[in-house]
Amino acid sequence: MAGLYFSNENSLQEFIQIIEGKCSESCVAIRIDSLNQKENWIDYRKIIDVISAEEMDSSLSCQEYIYLYCMLRKGFHPSIKERLEKLFLELQITELREQKVKALSKGTFCIIRSLAAYLQGCRVLVLKNALSIYTENEKKAFHRFWQRFLDCDGIGLVLSTSERELKTVTDQIYNMDEK
């Protein structure tokens, strides 16, 4: 997993806008082969998801939230139910299945969002300033999930304005402010 260090929040936010395709005219333009074409950018966005540490006020259970995410993002495939159950067991977080999303800590919600994105086929997961919030149990589940994701050829990027935070979970840190 790679860490991208930004010295300030503005740089980090601009980078996220580029990834999400919300770049304004004043924003730095990125052109990677054919990704500069809008149609290709939309296809590219289907395999990437940005996950930030946030709380969600929802009465849905974690399982229902993941199903809804999958339906809205790409359509619900019947195999998702079975795959989700397998992930809950493998990651040792079955207690989250029926837990309400609004009762989750920010760290646990990041794990649930990551699971949902993974089940929908996202190949690149980008975590934004989400690492300092994990309890010991969340850290264990986080590492189990990311090991699984990376073993399946996923790409993990962690964005942060704290180098110290990045050193705890990433294999390599890139300073995005260096030229």
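**Core packing and two positive-phi loop residues**

Leu 115 touches a set of residues well removed in sequence: leaving aside anything up to four places away, its contacts are Ile 66, Leu 87, Phe 88, Leu 91, Ile 93 and Phe 145. The model is a predicted one, and Leu 115 makes a handy way into its interior.

Leu 115 belongs to the largest nonpolar core, a set of 39 residues, and together with Ile 66 and Ile 112 it touches the most other members. Several elements put two or more residues into this core, namely helix 3 (62–73), helix 4, helix 5, strand 3 (124–128), helix 6 and helix 7 (163–169). Helix 5 is the top contributor, giving nine residues. A separate core of 13 residues lies apart from this one, and Ile 19, Val 50, Val 124 and Leu 157 are among its members.

Now for the pairing of helix 3 with helix 5. The two helices pack with their axes 9 Å apart, at an angle of about 40°. Helix 3 is therefore oblique to helix 5, and the crossing between them is right-handed. On the helix 3 side, the residues involved are Cys 62, Tyr 65, Ile 66, Tyr 69 and Cys 70. What they meet on helix 5 is Phe 109, Ile 112, Arg 113, Leu 115, Ala 116, Ala 117 and Leu 119. Sorted by class, this contact comes out as eleven nonpolar residues, one charged residue and no polar ones. Ile 66, Ile 112 and Leu 115, the core residues that touch the most other members, all turn up in this helix 3–helix 5 contact.

Away from the core, the backbone has a couple of oddities to point out. Most residues other than glycine have a negative phi. Gln 92 goes the other way, with a positive phi near 60°. This residue sits in the loop that runs between helix 4 (79–90) and helix 5 (106–119), and Gln 92 is exposed because its relative accessible area, 53%, is over the 50% cut-off. In sequence, Gln 92 falls between Leu 91 and Ile 93, both of which are touched by Leu 115.

Asp 153 is another non-glycine residue with a positive phi, in this case about 65°. The loop that holds Asp 153 links helix 6 (136–151) and strand 4 (155–160). With a relative accessible area of 65%, Asp 153 also counts as exposed.

Definitions and conventions: Residues numbered from 1 in each chain as written. Predicted model: local features only at pLDDT ≥ 70, side-chain atom pairs only at ≥ 80, totals over all residues. Heavy atoms only, no water. Helix = DSSP H or I, 4+ residues; strand = E, 2+ residues; numbered from the N terminus. Buried < 20%, exposed > 50% of the residue type's maximum accessible area, 1.4 Å probe, protein only. Core = buried A, V, L, I, M, F, W, Y, C linked by side-chain atoms within 4.5 Å. Contact = heavy atoms within 4.5 Å. Axes fitted to C-alpha atoms, helices over the stretch in contact; angles between N-to-C directions. Parallel < 35°, antiparallel > 145°, perpendicular 65-115°, else oblique. Left-handed = near helix turned anticlockwise from the far one by under 90°. Nonpolar A, V, L, I, M, F, W, Y, C, P; charged D, E, K, R; others polar.
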